[in-house]
Amino acid sequence: MSFSSDEVNFLVYRYLQESGFLHSAYVFGIESHISQSNINGALVPPAALLTILQKGLLYTEVEWSVGEDGEVARPIEGLSLIDAVMPEVKPPKPIVKTEPGKHSGAVDSSAPAGGNQNSQNSKPEIKIEPGTGAAGAAAGNKTAGSTTGTSTPTDQTAGEVDSSGNTANSTGGATYTGNNGAGGNQASTAGTNNTNNPAAGETAQPGAGQKKSQSSNEAGSSSGGNAGNANATSTDDAASSTSTNGNSSTSSSVEQPSSGVTPAGGGTVSTSNPDAATAGVASTAAGAKAPSGAVTIRVGAQGNSVQAGSSTAQNSAPSGTISSSTGGGAGTPAALVPMDIDESIEIPESKARVLRGHESEVFICAWNPSRDLLASGSGDSTARIWDMSDANTNSNQLVLRHCIQKGGAEVPSNKDVTSLDWNCDGSLLATGSYDGYARIWKTDGRLASTLGQHKGPIFALKWNKCGNYILSAGVDKTTIIWDASTGQCTQQFAFHSAPALDVDWQTNQAFASCSTDQRIHVCRLGVNEPIKTFKGHTNEVNAIKWCPQGQLLASCSDDMTLKIWSMNRDRCCHDLQAHSKEIYTIKWSPTGPGTNNPNTNLILASASFDSTVRLWDVERGSCIHTLTKHTEPVYSVAFSPDGKHLASGSFDKCVHIWSTQTGQLVHSYKGTGGIFEVCWNSKGTKVGASASDGSVFVLDLRKF
């Protein structure tokens with residue numbers, strides 16, 4: 001008998017997913033390098049870990065019950081799993097007198113019938129993979145410096161810039177390097193935060209996009225949906241409304257509890273999607289909130305959505321769109337209507353430029369507002385600036401290495417780059433990292449400032465519109481306004497009781513922040529208390545966004561609801577309940593009064609782990625379109641500058657382009673890894689995307 005640490009880790013990983021512990025599954029998947037194993041998950045049945053534990057418990061009961069003479073001397077019933085692994089509770093076996101010359105050892109039940117009974121202490125041998133050891137079997141033991149299965153890129157040295165602004169080449173200046181496809185590693189030799197101790201004594205953190213996993217053990221937080229708060233109520237005023245599946249209704253006193261609560265002990269079965277609610281395990285969040293590069297690729301390939309009859313979610317996942325008029329009863333969205341996809345909408349490879357260079361998953365990307373420069377941030381502790389101008393056919397990249405001081409020298413931080421944002425004129429790029437530092441870079445790769453005040457990973461970072469302040473949020477429960485010209489902390493706000501997950505500016509001096517503490521605070525520079533606090537969510541709040549006019553604030557949460565808030569009211573204006581799983585992100589359209597598209601209605605997009613995107617008419621509080629082509633959790637959505645199209649990226653590796661007017665799928669492209677982020681360039685002609693396999697790609701939508 002033999003088994004490997006990879007096999008143990010995979011069964012634990014699958015158990016966490018099936019039990020609804022999506023955040024924990026994601027973190028475990030990264031640290032144990034599940035994606036690098038050769039296990040075909042499609043062949044592993046649901047509840048595999050529980051099945052083998054049950055068999056082991058039965059064996060233990062038999063072992064403890066059978067005497068040395070083979071007779072049942074002391075039947076044991078109701079043995080618990082904990083008792084089975086605690087030697088001190090093992091009952092003594094009856095002493096059996098033996099004839100002289102015969103051993104009195106216990107019979108090894110694993111020995112074949114008629115075998116040698118003289119080896120009284122023989123036990124089945126457990127073989128561990130070479131190099132793993134016992135500890136490796138328990139934790140995967142993939143050290144940060146491991147280079148197994150990786151190759152070091154050879155084309156990056158000329159343009160490498162560390163966080164001190166020094167280049168790694170002999171010329172002394174930062175230069176661009178050509179992208180020739182080399183260095184497209186799918187595992188980071190730097191370790192990407194796998195065994196490093198998090199700052200400030202925090203527990204192990206997930207990858208950047210998955211800022212939320214760390215806090216899933218916070219008091220009152222339920223990573224499996226809203227199970228712990230199903231009976232929570234809040235007294236909204238009479239004018240607030242609750243929308244379920246796009247159908248608005250007036251609620252005078254209480255919020256409706258969220259539907260589709262994840263069962264604590266079994267598969268994640270969605271009660272609102274009959275296609276997915278099968279005897280197997282319903283489609284999980286692909287490693288939840290920021291799976292490792294190939295973790296999510298393998299998750300998709302391994303059939304984590306195992307259903308009865310060996311049918312995977314890919315075979316039954318609905319596609320196409322439905323409008324809110326087809327909605328079902330409260331809290332139960334109607335079955336999604338499949339839509340045939342015309343092959344002509346598939347974006348050809350000739351219109352896609354794949355950018356290789358990152359050595360780990362790429363969590364974020366953002367276009368420069370003035371030039372066709374695409375910035376990306378990765379788990380390899382680098383940000384990169386890609387020159388995507390039409391004149392540059394080589395896709396040159398500038399590597400911004402995030403380093404820290406250690407022993408008087410600059411060394412790579414080996415921490416994820418979690419967030420990045422360009423200032424208004426595109427002259428500066430700000431990045432936030434798991435090493436607790438924010439940095440400001442110039443477009444030539446030089447480091448302008450290092451901002452050090454947070455005591456732990458930074459989860460979000462935003463420039464204000466004027467470009468004189470930077471706002472950051474971190475695991476240390478604080479938000480900070482930085483003076484961009486000096487790099488100094490202007491004011492630190494410590495109002496949250498748990499990690500802050502997202503921030504967004506309302507004006508040049510006022511902003512909102514959200515947290516795993518379920519609260520939203522609105523703060524202003526120079527004021528020592530929140531000027532407004534919004535309460536109503538019953539689980540951690542993942543993202544917040546002010547509308548273009550700065551009048552309405554949208555928030556989304558693991559409680560599966562989307563809420564709209566106004567500074568003129570204490571309760572939410574709309575409580576939109578239609579998604580059947582956690583809502584990861586939201587975006588407002590760049591339309592309506594005060595925008596470049598004043599004659600187009602303002603709409604809000606929400607992306608969820610239920611694999612759908614919904615478009616909302618916020619004024620009416622109703623769902624306009626439900627976009628259902630994706631088959632895995634959707635992590636990112638982005639509106640085109642004219643508001644006529646929406647890009648969505650999912651862990652099914654697909655980027656879809658939708659018409660916001662009709663809800664129809666217009667263009668589609670399938671990459672090589674799960675999509676973390678999508679973004680449009682300022683002209684609305686190109687869409688950038690970053691993926692879990694370390695790739696970045698740009699779709700040219702001209703001539704379509």
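In the predicted model, Val-687 is in contact with a set of residues beyond its neighbours within four places in sequence. These are Trp-367, Ala-647, Val-655, Ile-657, Cys-679, Trp-680, Phe-697, Val-698, Leu-699 and Leu-701. Val-687 itself lies in strand 37, which covers residues 686-691. The relative accessible area of Val-687 is 0%. Buried means under 20%, so Val-687 counts as buried. One of the contacts, Trp-367, sits 320 residues away along the chain. Even so, the C-alpha atoms of Val-687 and Trp-367 are separated by 9.1 Å.

Nonpolar cores were examined next. In soluble globular proteins, nonpolar side chains tend to be buried together. The largest nonpolar core in the model has 20 residues. Within this core, Ile-385, Leu-400, Leu-420, Trp-422 and Leu-429 touch the most other members. Five strands each supply at least two residues of the core. They are strand 6 (362-367), strand 7 (373-378), strand 8 (382-387), strand 9 (397-401) and strand 12 (417-422). Another core, of 16 residues, lies apart from the largest one. Val-687, Ala-691, Phe-697 and Leu-701 are among the residues of this other core.

Trp-422 also has a long list of contacts, again leaving aside neighbours within four places in sequence. Ala-366, Trp-367, Asn-368, Pro-369, Leu-373 and Ala-375 are included. So are Ile-385, Leu-428, Leu-429, Thr-443 and Trp-463. Trp-367 thus appears among the contacts of Trp-422 and among those of Val-687.

An open sheet was also found. Four strands form it, in the order 32-33-34-35, and the pairing is antiparallel. Strand 32 (634-639) and strand 35 (665-670) stand at the edges. Each has a single partner strand, so one side of each is left without a neighbour in the sheet. From one strand to the next, the twist averages 15°. Strand 33 (residues 645-650) and strand 34 (residues 654-659) pair over five bridges. In this pair, Leu-646 stands opposite Trp-658 of strand 34. Two contacts of Val-687, Val-655 and Ile-657, fall within strand 34.

Helix 1 spans residues 5-18 and has 14 residues. From its first C-alpha to its last, helix 1 reaches 20 Å. That is close to the 20 Å expected at 1.5 Å a residue. Several residues of helix 1 are buried, including Ser-5, Asp-6, Asn-9, Phe-10 and Tyr-13. Arg-14, Leu-16, Gln-17 and Glu-18 are buried as well. Gly-20 follows helix 1, and its phi is positive, near 90°.

Notes:
Residues are numbered from 1 along each chain as its sequence is written. This is a predicted model: local features need pLDDT of at least 70, side-chain atom pairs count only at pLDDT 80 or more; totals for chains, interfaces and linings use all residues. Side-chain values use heavy atoms; hydrogens and water are left out. A nonpolar core is a set of buried Ala, Val, Leu, Ile, Met, Phe, Trp, Tyr and Cys residues joined through side-chain atoms within 4.5 Å. Buried means under 20% relative accessible area, exposed over 50%, partly exposed in between (1.4 Å probe, protein chains only). Contact means heavy atoms within 4.5 Å. The expected span of a helix is 1.5 Å times one less than its number of residues. Two strands pair if DSSP finds at least two bridges between them. Axes are lines fitted to C-alpha atoms, for helices over the stretch in contact, and angles run from 0 to 180 degrees between N-to-C directions.
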